[in-house]
Structure formats: C-alpha cells, structure tokens
Amino acid sequence: MTRVVVTGLGTVPPPGDDDHAVFDALMRGESALRPVFPELPKRAIAAQPPFDATRWFIKLQLAGVDRVSQIAVVAAELAMRDARCERGRRGRRGRPGTDRRLRRLRDWRGPLHSERPTAAPAYRRWRFLPSCRTGLRRTSREGTAFLVLEPEESERRRRATIHAVLSGWGTTCDATRLTKPDVDGQVRALREALRKGDLHPRDVGYCNAHGTATRIGEVVERNALATVWGDDLDRLRVSSTKALHGHLLGAAGALEALITALALEGSRVPPNAHCAMVDPDCALNLVLDEEVAAPGLEHAICNSFAFGGTNRVLLFSRG
C-alpha cells in the first residue's frame, strides 16, 4: 500500500512567522494571546499573526482581498515551497474568495472543503466563546496552516523532506445536539484512525487534543480517549496547544496537525499551558512541563471535534 507522506508545512500563525518559529514558541510555553476589541463592553483577548501583506503582494493584488484570504494564500505558498514543488500559475485579477485564490494560484482542481471566516462573529453572538476568570473572552481571529500530502513515490522524485507519514484518519458525525459533543462519535473516529493505520492504542505516544476549554467538551474528549486506550491511557501523553495560539475557528485542526507532525519530526511534545492542577474528571497524562523530549515517539494523533458534531482524527507516524 502506498504511503501518504507530509512533505510541506506552511503557516501564518499567531505565535510566529513560520512553522518552526511557532513550534519553538509553543515548546517554551509562550502565549500569543493579546487584548483586542477595546470597543467591546467585555474585554477580549485574541491571537493574531505578525503578518505584513506588502511582503507578499503588490498593491493591485490586495484590492478587495480580505486579510484572511491573504494569509491563506501565503501559508499555502510556503507549504508548496517547503515541499519543493514547482511554482504554478499566478492568480488573476478580481475579487475572489480564499478558495478561488488558492485554486488560481496553483491551478488546483481537487475537492474543496472550507469554512467561511464569518464564524467568529457568530460564535461571539451565540456566546460560545469561553470566558476567562479575569472576565476576558478568549478566541483567535486569524491564522492558518497548510500541509502538503502526497504519495511517497511522488516525493522521491523531488527528494523533499518527509516531516511525517499520515498513517490513518477517522471521520464521524455525532448527530446529537449542535453544541454538545458525544463520546461514542469521538470513540468511533479514534478507532477508525487506528484501524486504518493498523496500530493499537498503546502504539501511540502523544495526542494533540481538541481541548477548547469547555466544561462539557473536555470531559467528553477525556472519556473518549479513556474508552479507546483503556489500561494504556497513562502511556498516552496529552496536551492542547490552543491555550497558547488560540482557537483558529476555521483552521484550528490544520495548525494542530502541523504541530503534531513537527512533534514527531523533532521528538518533542508541546506543553498543556496554564494548568496548575488537573481536574479529576479530566484525568490524563498531561504534558505540564515547558519542554518534554520524546525520543521514542513513533506515532501521534490530532483530534478535531468540531462545532456541529463532526469528529476528525488524524494519525501521524514518524517519517
């Protein structure tokens, strides 16, 4: 069976200006969250990337193109460069959305799945963004990440770097309440990923958890992991990096998948920041130190349990 390898990583994230900078910042436990929206009655904090559009686009190209589209195009370009792919044709003039700009940039014609950047205002309106103890609301407005996946034989022709191998994946739907996750749906996604990767739970040493800091979500995700891992749960190191880079509402899964690939490549796992005491209902082997070496790490998973009940699990292995 042909292996699917990760050869390109590109990101315009809140903590840094490239994928290795963001990973190093995470390993040091550095938060990218800063106060924003001073006009709101309740103060908010968010993570925003240090992005200068003039480094990447001429003035004519920026006309009518929102910042979210700009950073998406740049992150995609960085991922393609990292994969040593030849440059495709440039984008044409106009006012296309993010997906169209990416298609025109590289002449991509495959399936498209995207989430509109209007999600954040809607989440704030519905009060789905959690509050901190200080009275601040936490979110992340911007940031994106791309991973280039390709058959291994295609990579060999270019001699690109293999950051990780995509060994398995699982996708399920809860079909329960819109905002309440379901243990069974997450368990099925986890088991599907392990089955496709022909691995046992004890083979996986790290989990980048969905971990959005909600009382319901955290317990459900912990119980799903406990159901699948059973007696091997303590061998699985777990952390959620959202505490440091925020919740990129349309791209959180992509950034966390990139972080998981880098954890395997560098044999280091990022910390679960700002956790002084583990809730008994969320008892896991959390990574609490600022930097943890993981020389024996061979397989890791990344959980994305989205609003609306869509569950996705990616299983990566060392390249």
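## Helix packing and buried sites in a predicted model

Helix 1 (residues 19–27) packs with helix 10 (residues 252–266) at an angle of about 80°, and their axes are 10 Å apart. Angles of 65 to 115 degrees count as roughly perpendicular, so helix 1 is roughly perpendicular to helix 10. On the helix 1 side the meeting residues are Asp 19, His 20, Phe 23 and Leu 26, and on the helix 10 side they are Leu 258, Ile 259, Leu 262, Ala 263 and Glu 265. By class, this contact has six nonpolar, one polar and two charged residues. The model is predicted.

The chain as a whole contains 10 helices and 13 strands. Of its 319 residues, 48% count as buried. Among contacts with a separation of 6 or more, residues 24 or more positions apart account for 73%.

**Helix 1 and helix 10**

The buried residues in helix 1 are Asp 19, Val 22, Phe 23, Ala 25, Leu 26 and Met 27. These buried residues pack against strand 1, helix 9 (242–245), helix 10, strand 9 (268–269) and strand 11 (292–293). Just after helix 1 comes Gly 29, with a positive phi of about 75°.

Helix 10 is mostly covered, with 11 of its 15 residues buried. Those buried residues are Ala 252, Leu 255, Glu 256, Ala 257, Leu 258, Ile 259, Thr 260, Ala 261, Leu 262, Ala 263 and Leu 264. From its first C-alpha to its last, helix 10 reaches 21 Å, close to the 21 Å expected at 1.5 Å a residue. Ser 267 follows helix 10 and has a positive phi, near 55°.

**Helix 7 and helix 8**

Helix 7 (residues 183–196) and helix 8 (residues 215–229) pack at an angle of about 45°, with 9 Å between their axes. That angle makes helix 7 oblique to helix 8. Helix 7 contributes Val 183, Gln 186, Val 187, Leu 190, Arg 191 and Leu 194 to the contact, while helix 8 contributes Val 220, Glu 221, Asn 223, Ala 224, Leu 225, Thr 227, Val 228 and Trp 229. Nine of the residues in this contact are nonpolar, three are polar and two are charged. The crossing of the two helices is right-handed.

An α-helix has 3.6 residues a turn, so residues three or four places apart point the same way. The contact residues of helix 7 include Val 183, Val 187, Leu 190 and Leu 194.

In helix 8, the buried residues are Gly 217, Val 220, Glu 221, Ala 224, Leu 225, Ala 226, Val 228 and Trp 229. Their cover includes helix 7, strand 7 (206–208), strand 8 (237–239) and strand 12 (299–305). The 15 residues of helix 8 should span 21 Å at 1.5 Å a residue, and the end C-alpha atoms are 22 Å apart, which agrees. Gly 230 follows helix 8, and its phi is positive, near 60°.

**Two buried strand residues**

Gly 10 is found in strand 1 (residues 4–12). With a relative accessible area of 1%, against a cut-off of under 20% for buried, Gly 10 is buried. Leaving aside neighbours within four places in sequence, Gly 10 is in contact with Ala 75, Leu 78, Ala 79, Thr 144, Ala 145, Phe 146 and Leu 258. Leu 258 is also one of the helix 10 residues that meet helix 1. The C-alpha atoms of Gly 10 and Leu 147 are separated by 6.6 Å, although these residues are 137 residues apart along the chain.

Ser 239 lies in strand 8 and is buried, with a relative accessible area of 0%. Residues up to four places away in sequence not counted, Ser 239 touches Tyr 206, Cys 207, Asn 208, Ala 209, Pro 270, Pro 271, Asn 272 and Val 287.

**Positive phi values**

Most residues other than glycine have a negative phi. The table lists residues with a positive phi, both glycine and non-glycine.

| Residue | Phi | Place |
|---|---|---|
| Gly 29 | about 75° | just after helix 1 |
| Gly 230 | near 60° | following helix 8 |
| Ser 267 | near 55° | following helix 10 |
| Arg 84 | about 60° | loop between helix 3 (67–82) and helix 4 (98–106) |
| Ala 213 | near 65° | loop between strand 7 and helix 8 |

Ala 213 is partly exposed, with a relative accessible area of 38%.

Definitions and conventions: Residues are numbered from 1 along each chain as its sequence is written. This is a predicted model: local features need pLDDT of at least 70, side-chain atom pairs count only at pLDDT 80 or more; totals for chains, interfaces and linings use all residues. Side-chain values use heavy atoms; hydrogens and water are left out. Axes are lines fitted to C-alpha atoms, for helices over the stretch in contact, and angles run from 0 to 180 degrees between N-to-C directions. Helices (H or I, at least four residues) and strands (E, at least two) are DSSP runs, numbered from the N terminus. Angles under 35 degrees count as roughly parallel, over 145 as roughly antiparallel, 65 to 115 as roughly perpendicular and the rest as oblique. A crossing is left-handed if the near helix is turned anticlockwise from the far one by less than a right angle, and right-handed if clockwise. Contact means heavy atoms within 4.5 Å. Ala, Val, Leu, Ile, Met, Phe, Trp, Tyr, Cys and Pro count as nonpolar, Asp, Glu, Lys and Arg as charged, and the others, Gly among them, as polar. The expected span of a helix is 1.5 Å times one less than its number of residues. Buried means under 20% relative accessible area, exposed over 50%, partly exposed in between (1.4 Å probe, protein chains only).
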